[in-house]
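Me: I have a structure open and want to talk through its strands. Can we go pair by pair?

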Amino acid sequence: TSVNGVSWDIVKVETWGLTSVAGNDETKVVVGEKSIYHFADDGCWRQIDTQHQDEIEDLIWTGNQFIASVHQGVLLSRDGKQWEKVVVPGLTDVPAISADGSQIIVEDESVKKSSPDGKSWVLIDAENITAITPWKGKVWGTSYTNSFIYEYVNNDWKLVMRPSDLFSITE
């Protein structure tokens, strides 16, 4: 752990399989397996009892809350200590999560959804899109089949860039 990002100390945490860490200026949180740890004011890591037995795969800080991905949903916390589970309808697995400050994206192998707050979710039609991410208030996607980059506008994918746009040859 580090207070300033320059000097680092090894901290032993009594768990296996830590998977992700996130934080802000005020607090840090680590997740692993079925555990959440909060970096306390006394400089020690404290395990948080979330009342949930879900496997935790990922953790992000959105700018105003922590979001941890769990089976069929997310755990939300403003302070890293109190957590609320939100089931995301349609998810069948532990989702990957990403955010850009204005929206949150969750996706598993078959479903992609967007939310402004982590509580209300809207389906993103992404049949031919294999990877998506929020960026600057928009949803961007790409397809492995053609390597094109798309923007999600009015419930439809708009072509933004082809690979040839990136690698055009000039003499």
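Me: How do strand 2 and strand 3 pair, parallel or antiparallel?
Reply: This is a predicted model. In it, strand 2 (residues 28-32) pairs with strand 3 (residues 35-39) in the antiparallel sense, over four bridges.

Me: And which residue is the bridge partner of Val31?
Reply: Ile36, in strand 3.

Me: What sheet do those strands sit in, and in what order?
Reply: An open sheet of four strands, ordered 1-2-3-4, with antiparallel pairing. Its edge strands are strand 1 (18-23) and strand 4 (45-48), and each of these pairs on one side only.

Me: How much are neighbours turned against each other there?
Reply: By 25° on average between neighbouring strands of this sheet, ignoring direction.

Me: What holds paired strands together in general?
Reply: Strands of a sheet pair through backbone hydrogen bonds, in a parallel or antiparallel way.

Me: Switching to the later strands. What order do strands 5 to 8 take?
Reply: They form an open sheet of four strands in the order 5-6-7-8, and the pairing is antiparallel.

Me: Which ones are at the edges?
Reply: Strand 5 (58-61) and strand 8 (84-87); each pairs on one side only.

Me: What is the average twist in that sheet?
Reply: From one strand to the next, the twist averages 25°.

Me: How many bridges join strand 6 to strand 7?
Reply: Five. Strand 6 covers residues 66-70 and strand 7 covers residues 73-77, and the two run antiparallel.

Me: What stands opposite Ile67?
Reply: Leu76, which is in strand 7.

Conventions: Residues numbered from 1 in each chain as written. Predicted model: local features only at pLDDT ≥ 70, side-chain atom pairs only at ≥ 80, totals over all residues. Heavy atoms only, no water. Pairing = 2+ DSSP bridges. Axes fitted to C-alpha atoms, helices over the stretch in contact; angles between N-to-C directions.
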